[in-house]
Amino acid sequence: MANMETQAAATGRQKVSNRSILVLCLVFFCAMIGMAYAAVPLYSLFCRVTGYNGTTQRVEQYSDVILDKTINVTFDANTSNGLNWDFRPVDKKVTPKIGETVQVTFKATNRSPVATTGTAVFNVTPMEAGAYFNKVECFCFTETTLQPGETLEMPVVFFVDPDIATARETKSVHTLTLSYTFYPAKTEKPVASLPVKTESGDSKLQ
């Protein structure tokens, strides 16, 4: 009798243990799904805050410190496959003082016979300098639509953070390159029209 009670107790503990393991697995699985969904925005936020991978900083005000030292800034423009645009910088190079606010212009022309929409992404090289490149105004991450043959000038307002001249990883950097690439924007799929009945009872597409 005692042996049967002992076995029953052991079986009960085993069932509780199995349920605990199942619950832990479900919690871990849900947590992994949540992390997967959060990975992209968190990585984007990390890049914007730290300048990792050449990501520039977005600021709302101009620099109030200007050094008596200049730095070369060159510009690069590209378009991906599927976007028939002529995209290039108007100014290929500027040499501002560090901390000085500068405006440059990029120009895009739609060479296709139909209206097309693109979205630009960017980075700065060398990558360790991305955290010190501050953009006040730019056309990145917004959809730009050009009609056939249309040309659009797009300004970029920026300054290079004075801290770049003293930071250990960037104090020997003398040239930065701001590079943009335009990609075709994702377009919404057309919604099918719904049939509506007329007074005669016939159906037609709305």
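Start by selecting F87, F106, F139, V156, F158, L176 and Y180: these residues have the most contacts inside the largest nonpolar core, which has 34 residues. A nonpolar core here is a set of buried Ala, Val, Leu, Ile, Met, Phe, Trp, Tyr and Cys residues joined through side-chain atoms within 4.5 Å. Buried means under 20% relative accessible area, exposed over 50%, and partly exposed in between, with a 1.4 Å probe and protein chains only. Next, colour β2 (72–79), β3 (85–89), β5 (102–110), β6 (116–125), β9 (151–160) and β10 (175–184), since each supplies at least two residues of this core. In soluble globular proteins, nonpolar side chains tend to be buried together.

The model is predicted: local features need pLDDT of at least 70 and side-chain atom pairs count only at pLDDT 80 or more, while totals for chains, interfaces and linings use all residues. Residues are numbered from 1 along each chain as its sequence is written, and side-chain values use heavy atoms, with hydrogens and water left out.

**Whole chain**

Zoom out to the full chain, which has one helix and 12 strands. Helices (H or I, at least four residues) and strands (E, at least two) are DSSP runs, numbered from the N terminus. Along the sequence, the helix comes before the strands, in the pattern α-β-β-β-β-β-β-β-β-β-β-β-β. Of the 206 residues, 32% are buried. Among contacts (heavy atoms within 4.5 Å) with a separation of 6 or more, 72% are between residues 24 or more positions apart. The accessible surface is about 13,800 Å², and 57% of that belongs to carbon and sulfur atoms; the areas come from the Shrake-Rupley method with a 1.4 Å probe, and for residues only the protein chains shown count as cover.

**F158**

Select F158, in strand β9. Its relative accessible area is 0%, so F158 is buried. Show its surroundings: beyond neighbours within four places in sequence, F158 is in contact with V73, F75, V94, E100, T101, V102, V104, F133, N134, K135 and V136. For E100, the distance to F158 is 8.3 Å from C-alpha to C-alpha, across 58 residues of sequence.

**The five-stranded sheet**

Now display the open sheet with strand order β4-β2-β10-β6-β8 and mixed pairing. Two strands pair if DSSP finds at least two bridges between them. At the edges are β4 (93–94) and β8 (143–146); each has a single partner strand, so one side of each is left without a neighbour in the sheet.

Move to β10. Eight bridges join β2 to β10, and these strands run parallel. Here D76 stands opposite S179, and T79 stands opposite F182. Eight bridges also join β6 to β10, but this pair runs antiparallel. In β10, P184 is the residue that G118 stands opposite.

**S179**

Stay in β10 and select S179. Is S179 buried or exposed? S179 counts as buried, at 14% relative accessibility. Its side chain makes a polar contact with the side chain of D76, at 3.0 Å. A polar contact is a pair of N or O atoms within 3.5 Å; within protein, one must be able to donate a hydrogen and the other to accept it, and residues adjacent in sequence count only if both atoms are side-chain atoms. Leaving out residues up to four places away in sequence, S179 touches D76, N78, V121, F122 and N123.

**The disulfide**

Finish at C138 and C140, which form a disulfide with sulfur atoms 2.3 Å apart. A disulfide is a pair of cysteine sulfur atoms within 2.5 Å. A search of the whole structure finds one disulfide, and both C138 and C140 are buried.
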